[in-house]
There are 2 protein chains.
Amino acid sequence: VLQYLDAAMTLTASILEGDRLALARLLTHIENDTLEGRTALNDLFRFTGQAHLIGVTGAPGTGKSTLVNQLALYFRNPAANRKPARVGIVAVDPSSPFTGGAILGDRVRMRDLAGDPGVFIRSMASRGSLGGLASSTAGLVQALDAAGFELILIETVGAGQAEVDIARLAHTTIVVEAPGLGDEIQAIKAGILEIADILVVNKADRSGIENTVRALQAMLQPAYRSSSKVNQTKLGHHQDVQINKTPQGEDELWQPPILRTVATDGIGVQELGAAIASHRQYLKQTGDWIIRENARLKSELDTLLQATLVYRWRQRVSMQQYQYILEGLSKRTISPHQAVELLLDGNPS
Amino acid sequence: VLQYLDAAMTLTASILEGDRLALARLLTHIENDTLEGRTALNDLFRFTGQAHLIGVTGAPGTGKSTLVNQLALYFRNPAANRKPARVGIVAVDPSSPFTGGAILGDRVRMRDLAGDPGVFIRSMASRGSLGGLASSTAGLVQALDAAGFELILIETVGAGQAEVDIARLAHTTIVVEAPGLGDEIQAIKAGILEIADILVVNKADRSGIENTVRALQAMLQPAYRSSSKVNQTKLGHHQDVQINKTPQGEDELWQPPILRTVATDGIGVQELGAAIASHRQYLKQTGDWIIRENARLKSELDTLLQATLVYRWRQRVSMQQYQYILEGLSKRTISPHQAVELLLDGNPS
């Protein structure tokens with residue numbers, strides 16, 4: 001009888017009941033952007049908004065994955081002042097579509113976290129879904145959120161704009177640096193320092209650590225960040241969206257701490273965990289939590305809108321017409337702008 | 001009288017006549033995506049397709065800018081076997097929208113190349129135009145191409161997908177590495193090795209150079225690349241676009257050379273210049289030149305299409321409706337997918 005009931009239960013219900021297999025299945029549906037995945041996400045959406053989303057970003061080689069691993073272990077272990085939280089991990093590393101590096105990351109982590117029902121790890125292996133990486137990630141995070149994971153660590157290679165945008169839309173963004181990776185240049189050029197709520201210099205047992213910390217300190221100007229995080233929007237003319245902006249005095253602003261860790265040995269992880277909790281409290285008190293929630297939802301909406309518009313156009317246009325116009329481009333009888341007008345309107349302006 | 005004639009000349013005509021001021025004005029128009037910019041690009045497009053587009057990409061701190069600078073100097077100086085070429089440089093560094101790092105790059109270069117009418121340098125300061133970075137870059141490159149610059153160096157921070165995509169669509173892609181920047185990890189994770197036509201290990205006077213070269217050699221498998229470069233397309237279902245694929249024997253495939261440079265001293269720049277010329281010859285002989293041309297044009301078309309679809313939708317939708325739906329998202333009464341359906345169709349499915 002149980003078997004039959006089981007079969008009849010929707011994917012959604014299974015996930016709300018904590019069925020890990022159903023969750024894994026849903027995440028695959030979301031990555032593949034199937035109708036089943038969408039339907040489930042529609043159903044599950046009202047159960048989201050509970051999790052603390054933590055973006056962890058940094059250049060390759062800074063030891064992000066190990067740090068994320070250690071953070072998960074930390075949050076799983078109870079302490080005097082807190083109970084264990086359920087932890088979801090979404091690793092976004094689309095850098096190599098050829099070698100599929102994301103798989104390796106999973107295996108490394110499995111050693112420490114395998115078998116713990118309070119941890120769920122997912123690496124994004126593909127980046128091909130409708131709306132791309134950002135949409136897929138948003139969907140995975142929503143599913144984990146609805147499934148009751150209270151902390152969701154989103155790990156991205158903080159090198160490209162797409163990855164930075166993903167990290168930026170977390171409640172708490174951790175930027176990981178390491179000594180001897182180009183130091184100042186690395187942080188400035190990557191342009192990710194501005195989005196950091198917490199800065200971590202990992203591999204703190206290496207030489208050059210003081211230089212790295214000093215460089216970061218020098219670049220941290222007071223109040224450099226404020227609410228710039230939410231000013232970045234996708235569809236330009238909606239920038240005046242009403243968000244619950246809380247008036248803040250200078251002294252109330254969050255100053256990103258610079259923490260030192262040796263993730264491989266778990267050193268500094270406790271302090272990082274405390275900083276994350278403290279940032280959460282700050283967000284809740286100032287109202288920034290809601291501001292960031294809304295900014296994220298708006299960004300998700302805009303990304304999905306864009307993808308859907310392209311998808312629908314694709315359904316309408318004929319392959320022959322597209323080919324014909326492409327040939328015109330190739331012969332340079334029409335320009336790209338004229339080609340777009342031809343494809344959308346049937347005639348160039 | 002000349003003044004009057006001048007005023008009557010269109011921007012297009014001025015540019016074809018070699019007017020640098022007009023070119024600078026047009027590039028600004030393109031970056032801002034004005035109607036004037038579009039009209040000029042439409043007119044100029046038939047004069048494009050002459051330039052050799054050279055993408056130069058690599059992690060921050062590898063010395064890309066200096067190398068690009070030196071390459072420009074090299075191509076400007078005549079030698080026994082070649083005449084000086086007119087060189088355009090487009091520096092794409094959108095990493096920091098806050099600090100505007102691109103401006104600095106210009107000043108550094110000015111010292112060496114200022115006053116040479118055969119060189120035109122443009123840093124992309126903004127990334128806000130319709131279609132974003134890729135569209136703007138494509139437009140700038142087209143303008144320089146039409147203006148008669150025979151070699152166009154496109155410098156990107158080879159860290160994010162967007163930047164890699166830009167470099168990938170050049171005729172010749174140069175990936176720059178440097179010793180001690182994380183070596184193997186850096187190259188693999190950045191995922192840019194696969195797109196390299198020429199590999200450069202810059203800062204070759206530093207310790208660790210042999211390790212870096214060895215790591216790169218190990219990762220270079222024969223024929224790993226072939227035509228994978230053009231298989232990546234934006235609008236999924238058009239992947240079967242006809243391109244003039246030339247049948248190639250194993251022995252005809254381009255093997256990316258690994259070159260060593262010390263860009264600050266100009267060491268190895270001549271060899272790099274020769275490798276670029278040799279790659280050009282290879283592309284022309286095998287027909288890959290046309291394949292890459294067409295792949296680039298298709299990518300430009302797709303990017304522009306996407307941007308235009310979003311732009312047109314934006315013109316249609318009312319701000320009130322958008323706000324209302326955003327609030328529904330915020331209250332979690334509708335999901336992102338349902339919000340998209342409401343915005344596009346007026347009702348969710």
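Colleague: In which helix of chain B does B:Asn42 lie?

Modeller: B:Asn42 lies in helix H4 of chain B, residues 35-44. Keep in mind that this is a predicted model.

Colleague: Why is B:Asn42 called buried?

Modeller: Set the value against the cut-off. Buried means under 20% relative accessible area. B:Asn42 has 16% relative accessibility, so B:Asn42 counts as buried.

Colleague: Leaving aside its neighbours within four places in sequence, what is B:Asn42 in contact with?

Modeller: Its contacts are A:Ser335, A:His337 and A:Gln338. Contact here means heavy atoms within 4.5 Å.

Colleague: Now helices H11 and H12 of chain B. What makes H11(B) roughly perpendicular to H12(B)?

Modeller: Helix H11 spans residues 269-286, and helix H12 spans residues 288-316. They pack at an angle of about 90 degrees, with axes 5 Å apart. Angles of 65 to 115 degrees count as roughly perpendicular. The angle of about 90 degrees therefore makes H11(B) roughly perpendicular to H12(B).

Colleague: Which residues make that contact?

Modeller: From H11(B) come B:His279, B:Arg280, B:Tyr282, B:Leu283, B:Lys284 and B:Thr286. H12(B) adds B:Asp288, B:Trp289 and B:Arg292. They divide into 3 nonpolar, 2 polar and 4 charged residues.

Colleague: On to the sheet of chain B. What is its strand order?

Modeller: The order is E3-E2-E4-E1-E5-E6-E7, in an open sheet of 7 strands with parallel pairing.

Colleague: Why are E3 and E7 of chain B said to stand at the edges?

Modeller: Count their partners. Strand E3 (119-124) and strand E7 (258-260) each have a single partner strand, so one side of each is left without a neighbour in the sheet. The twist averages 20 degrees from one strand to the next.

Colleague: How do you know that E1 and E5 of chain B pair?

Modeller: Two strands pair if there are at least two bridges between them. E1 (residues 52-58) and E5 (residues 172-177) of chain B run parallel and are joined by 5 bridges. So they pass the test. In one of these bridges, B:Gly58 has B:Val176 of E5(B) as its partner.

Colleague: Which strands of chain B does helix H10 lie across?

Modeller: Helix H10 (residues 209-219) lies across E5, E6 and E7 of chain B. H10 runs at about 165 degrees to E7(B). Angles over 145 degrees count as roughly antiparallel, so H10(B) is roughly antiparallel to E7(B).

Colleague: And in chain A, how do you know that E6 and E7 pair?

Modeller: At least two bridges are needed. E6 (residues 198-201) and E7 of chain A have 3, in the parallel sense. There, A:Leu259 of E7(A) is the bridge partner of A:Val200.

How values were computed:
Residues are numbered from 1 along each chain as its sequence is written. Chains are lettered from A and ligands numbered from 1 in the order in which they are written. This is a predicted model: local features need pLDDT of at least 70, side-chain atom pairs count only at pLDDT 80 or more; totals for chains, interfaces and linings use all residues. Side-chain values use heavy atoms; hydrogens and water are left out. Helices (H or I, at least four residues) and strands (E, at least two) are DSSP runs, numbered from the N terminus. Axes are lines fitted to C-alpha atoms, for helices over the stretch in contact, and angles run from 0 to 180 degrees between N-to-C directions. Angles under 35 degrees count as roughly parallel, over 145 as roughly antiparallel, 65 to 115 as roughly perpendicular and the rest as oblique. Ala, Val, Leu, Ile, Met, Phe, Trp, Tyr, Cys and Pro count as nonpolar, Asp, Glu, Lys and Arg as charged, and the others, Gly among them, as polar. Buried means under 20% relative accessible area, exposed over 50%, partly exposed in between (1.4 Å probe, protein chains only).
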